[in-house]
Amino acid sequence: MKIEQKIKYRTLLLSLTIIILLSTPAFFYLNNFLDQQLAQQLDRREETLNTLLQRVLQQHNLQYESRLKNILDVYGVKESFKERDRTSLYHIVSPQLKQMQAENPYIKIMSFRLPDGSTFLRVHKPEMFGDPINPRRKIIVDTNTLRKVHYGFEVGKLKMTHRIVIPIFYKEEYLGLVEFGVEPAAFMEVIAEVVPMRYALVIRKSMQDVLMSQRRMIQKEKYALAEEDPFFIKLFKQMSFEKRYFANISGNTYSVNSQLLLKDHKGKKAAFIITAENITTEISDYNKLRILLMLSVIISILFLLFILNYSLNFYISTIRKQLYTDELTGLPNRDALLQKLKGKAKSVILLIDINGFRNINELYGISNGNVILKQFSVFIQTMATENSMMPFRISSDEFIMLKVSDELESEIYFSTFSNTIFEEVKEEKFYLHELNIPIELEVTIGVSYGFDTSLEKADMALKKAQESQQPYLFYSSDIDSKKDTHKVISIKKDLRYALEQENIVAYYQPIVNDAGEVIKYETLVRMIKMIEGKKEVISPYFFLELSQKFNLYPAISKTIISQGFKKAEKIEQSISINLTPSDMMDKLMQSFIFEKLGRCRHPEKIIFEITENENISDYSFIINFVEKVHDYGAKIAIDDFGSGYSNYSHVFILKPDYLKIDGSLIKNLTDNKESQIFVKTIVMLAQQLGVKTIAEYVHSEEVYNIAKSYGVDEFQGYYFGEPESTTEPI
């Protein structure tokens with residue numbers, strides 16, 4: 001027997017066995033499951049009804065208590081009540097009641113009662129007054145006794161209503177109370193708009209004699225139905241008051257419930273609402289699902305025939321997949337890449353190499369190295385998918401991101417994207433869980449872009465990038481040269497044009513205090529450029545260093561400083577502006593800065609962030625600059641403090657107001673003991689000197705909480721906000 005036939009018969013046998021074993025118990029399980037789902041659905045609706053009733057009552061109480069108190073505050077109301085001037089009181093109050101009844105036709109009662117409980121004025125029936133209080137009217141008795149506002153459902157002489165009873169005082173003298181009543185239908189109609197249903201009122205049988213109605217109510221056990229609808233009379237006679245039950249009436253199925261309680265002012269059950277919800281459609285839907293279950297069994301058997309016909313093709317495709325798939329990571333392999341590169345379409349290849357990966361294998365073993373490769377492959381696949389690219393693994397520690405399209409994004413776009421990959425790899429957490437060790441990775445990227453791309457060209461760019469210690473490099477015909485004349489000229493042209501068009505702009509990243517409140521912003525430079533008709537924001541990584549060679553840096557620096565000062569005048573928060581040592585040692589730049597400070601209305605809101613480096617030849621220039629800035633009332637922050645070049649002695653010399661702890665220390669606080677020790681030491685030093693500390697690169701709540709626990713004063717990073725072109729609230 002051929003291998004293809006064996007595969008077919010085995011597939012058939014396995015499928016039949018699975019269907020026989022699973023279909024019968026699955027059918028009974030699904031039946032039970034559907035019944036439970038219906039019950040849970042009805043339980044949720046019951047909870048919704050009770051929640052809605054409480055919210056509607058709460059809103060009603062707040063609204064009408066306020067309106068009643070406003071009516072009582074109308075001139076003449078309390079005076080007429082005190083003087084027992086029924087006519088005057090009626091003429092003042094009746095228009096208010098009519099207005100409320102026009103808005104809500106279920107408002108039926110508004111009465112003024114004396115301290116003994118007798119009715120002084122029924123505004124809704126002014127001809128009826130003087131009757132003594134019924135001893136069962138507990139809400140009236142309690143309000144007169146306790147002299148505070150009460151809410152609750154109560155059976156009165158006319159009908160069940162929800163009452164709001166408010167005591168009335170006039171110059172600290174207790175005059176009596178005002179009673180306000182609304183029929184339950186006012187609330188139920190609101191609820192019925194959310195959960196369609198029919199409803200009827202049920203009261204305790206003992207309360208029937210309170211009503212003036214001569215109609216004989218239908219009774220059952222200790223309850224009476226306050227409704228003449230034949231539909232509810234039939235349900236009432238059948239129902240159990242302890243649980244939900246289902247009734248079939250006129251071809252429809254109803255879920256009948258008695259758990260919607262109407263409570264008196266003491267929170268005790270005064271009555272309840274019978275709710276009848278038509279669930280015919282739901283029952284029908286669940287029955288359809290049961291039919292679908294049977295059909296699914298039949299379809300499964302039919303589908304088996306297709307498995308029989310296509311099983312061989314399936315295994316062939318599986319074998320092909322294995323040929324083109326990397327076994328360790330599951331990503332497409334080198335052969336799959338070469339297949340994709342056949343043709344002449346425009347494409348971009350990003351060849352990503354993990355720097356020094358051999359060291360990981362040597363230190364922790366190949367199996368642990370494979371663990372890191374799997375984690376890294378997930379990262380690459382996510383990045384590729386999010387950017388409409390295809391991921392590949394072509395060798396041990398080399399990965400590819402490929403995009404083939406005639407409408408490919410610009411080279412600048414992929415330059416930015418390559419830098420993003422480089423930065424995010426450094427930020428990403430890779431971990432050897434068995435050894436409880438975090439692993440930090442860094443990559444180098446070679447890029448081949450255009451119509452004539454190839455893996456070889458990307459590899460040449462990668463090697464050149466590694467030699468020159470660049471995070472990434474694009475392939476070019478003169479890749480062995482460090483200068484790309486065309487690119488340099490293009491950037492110079494872009495910078496000049498951006499300065500002329502005022503497209504060198506400041507972005508602002510928030511800095512918060514330990515309560516998470518934004519107290520200042522750091523000013524960051526960006527260049528705006530039109531690329532293929534779209535506005536692109538260019539990072540300073542691509543132009544700031546070259547701008548110094550073009551002698552355009554001073555103009556860029558002045559532009560950003562000016563924008564920072566303007567922003568400081570418009571917002572409450574402080575503005576932090578970055579300065580290089582060359583800025584502080586440039587006499588023209590110094591004059592520009594001091595002129596700005598002299599004109600600034602709030603120089604105390606300006607903070608200059610200065611970065612130390614080994615190129616500072618004469619530190620006295622820096623000291624003089626800092627002292628003069630302090631004279632104007634502005635502040636100084638030492639940026640990247642704790643980095644490789646930081647000199648602790650300069651803190652004593654410069655006397656800064658802030659130390660910005662280097663991001664390389666902050667971002668590793670969760671799992672790096674050295675970083676934790678450094679940060680604690682810096683904070684302790686700053687506290688001793690009365691200098692505030694700022695943590696940069698706070699990227700998570702965990703890092704934020706750790707830094708805060710060490711005593712760091714302020715925080716900055718993507719956890720609180722990315723740089724934005726404006727600081728106004730959105």
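**Close-up views of a five-stranded sheet**

**View 1. An open, mixed sheet of five strands.** In this predicted model, five strands are arranged in the order 13-14-12-17-18, forming an open sheet with mixed pairing. The edges are taken by strand 13 (390-395) and strand 18 (472-474); each has a single partner strand, so one side of each is left without a neighbour in the sheet. From one strand to the next, the twist averages 20°.

**View 2. The pairing of strand 12 with strand 14.** Strand 12 covers residues 347-354 and strand 14 covers residues 398-404. The two run antiparallel and are joined by seven bridges. Aspartate 353 has glutamate 398 of strand 14 standing opposite.

**View 3. Helix 10 across the sheet.** Helix 10, residues 366-386, lies across strand 12, strand 13, strand 14 and strand 17 (443-450). The helix runs at about 15° to strand 14.

**View 4. Isoleucine 394 in strand 13.** Isoleucine 394 has its place in strand 13, which stands at an edge of the sheet. The relative accessible area of isoleucine 394 is 11%; the residue therefore counts as buried, the cut-off being under 20%. Leaving out residues up to four places away in sequence, isoleucine 394 touches Arg334, Leu337, Leu351, Ile400 and Leu455.

**View 5. Isoleucine 394 and leucine 12.** In sequence, 382 residues separate isoleucine 394 from leucine 12. In space, the C-alpha to C-alpha distance between isoleucine 394 and leucine 12 is 38 Å.

Definitions and conventions: Residues numbered from 1 in each chain as written. Predicted model: local features only at pLDDT ≥ 70, side-chain atom pairs only at ≥ 80, totals over all residues. Heavy atoms only, no water. Pairing = 2+ DSSP bridges. Helix = DSSP H or I, 4+ residues; strand = E, 2+ residues; numbered from the N terminus. Axes fitted to C-alpha atoms, helices over the stretch in contact; angles between N-to-C directions. Contact = heavy atoms within 4.5 Å. Buried < 20%, exposed > 50% of the residue type's maximum accessible area, 1.4 Å probe, protein only.
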